[in-house]
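Open the model in your viewer and keep the sequence panel in view. The stops below tell you what to select and what is there.

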Amino acid sequence: MTSVYELISEAAEREREMRPASAPTSPAARSHRRPIALRATGSSSCDSDLSQDPWQVDRAPGYGPGASTIDPVPEHSPRQGPLPERYTAASDDQLADWITAAREALGPRVQILGHFYQRDEIVQYADFVGDSFMLAQAAKSSPEAEAFVFCGVHFMAETADILSGRDQAVILPNLAAGCSMADMATIDQVEACWRDLMAALGTTAEDGRRTVIPVTYMNSSAAIKAFCGRNGGIVCTSSNARAVLEWAFERGQRVVFFPDQHLGRNTAKAMGIDEAEMPLWRPHLPLGGNTEQQVRDARVILWNGFCSVHKRFTVAQIERARAEFPDVRVIVHPECPASVVEAADGAGSTEYIRREIEQAAPGSVIAVGTEINLVNRLQQQRPDLTIFCLDPVVCPCSTMYRIHPAYLAWTLEALLDGSTPNRISVPDGVADDSRVALERMLAAKP
């Protein structure tokens, strides 16, 4: 089967051939332009604006091209200022030279952290590559570094700032790199939810446990992590969610889980909890749209949030993959809907998916339900396997994709000149409470 990488290259060539002669582009724009979405048949799709350079869309309303139009951006979300023309007009080769020169001059004082979902043009420069928590741990275990350039999204940079030293700077090259899932739960909404739950349930049950324990996924703001720390709660990752829920049930009758309903539902179902005991909390409705009895009968109250990328995967896609490749192994991320997780052969974190492919026997066929940049990279690393994305419309995490080499070059050269742009600083009180919830998570071993 043709690899995802080859399909992208073929789609790029077709787009160049189809571009009208009346719409010329500058050499710099042509060098940056890259197809980041296509159908499995090879025809380009998704959102045509995805091919634009991020500085052309950073200040537009919403999360940008390719993101769901129904995902609301919080009113006070940071916006990236204009990038100097030196960087936007540069060729790929110029940017590569500047990044390489700045990295060499800065040496070990500055470390670049790259998320698994990041574009290849960025990952090639990363000192560490991993998921959000792996990168935060890398920052924590690197006391010699003066600054970390976090090539991910905003909540990840916050976590790195919380776990790194007070004198270490964490920088997000593009402030417009947010996360729609993390933004689906604001601290005001969570505190309002908590007040409603306390009014309906009280704080302490007859058996001495708490009536409810707040649990937040790593993909949430520092303010919500801090809320959990203050209220006897905890943080989880996609790899330790079950251990965290077990920890919570030892201390409370029920859990309120935010912001990703799918990870919460999939984890609870694997623990034998019935869906009838998992009401959905919709923050704009009284009592989340539930009756008081539904809340009392609940074991896990699920916040109405989701990942726009992982929500795209369907059972029908799995059925098509099995029809075309009878021996295919299907692995998906637990942020996918429950029906998809149940139809797959395996489900787990990004690191789980990476390990499964690393350990696969030569000649294996693997269909993956997660972000396309990672799938593409895994295929390149294992050319002896057939690896493809389940979704016939291949879309990246559009906000993650906003970390472009031009922003990385700008950030590194600014550090070289003695300034610290786009520093992500979590206030001390919030950081202290967040650290409590994170330390509880680290103590809850799978």
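The tour goes through a helix residue, a loop residue and the cysteines.

This is a predicted model, in which local features need pLDDT of at least 70 and side-chain atom pairs count only at pLDDT 80 or more, while totals for chains, interfaces and linings use all residues. Residues are numbered from 1 along each chain as its sequence is written, and side-chain values use heavy atoms, with hydrogens and water left out.

Select T159. This residue sits in helix α7, residues 154–163 (helices are DSSP runs of H or I, at least four residues, and strands are runs of E, at least two, numbered from the N terminus). T159 has a relative accessible area of 1%, so it counts as buried (buried is under 20%, exposed over 50%, partly exposed in between, with a 1.4 Å probe and protein chains only).

Now add F155. Its backbone oxygen is 3.1 Å from a polar atom of the T159 side chain.

Which residues does T159 touch, not counting those up to four places away in sequence? They are A136, M218, K225 and L438, where contact means heavy atoms within 4.5 Å.

Next, select S308, in the loop between β10 (300–303) and α14 (315–324). S308 is partly exposed, because its relative accessibility is 21%. Show M181 as well: the C-alpha atoms of S308 and M181 are 7.5 Å apart, although 127 residues separate them along the chain.

Finally, select C151 and C193. C151 is buried at 0% relative accessible area, and C193 is buried at 3%. The structure holds 0 disulfides, a disulfide being a pair of cysteine sulfur atoms within 2.5 Å.

Key:
Polar contact = N/O pair within 3.5 Å; in protein donor to acceptor, adjacent residues only side chain to side chain.
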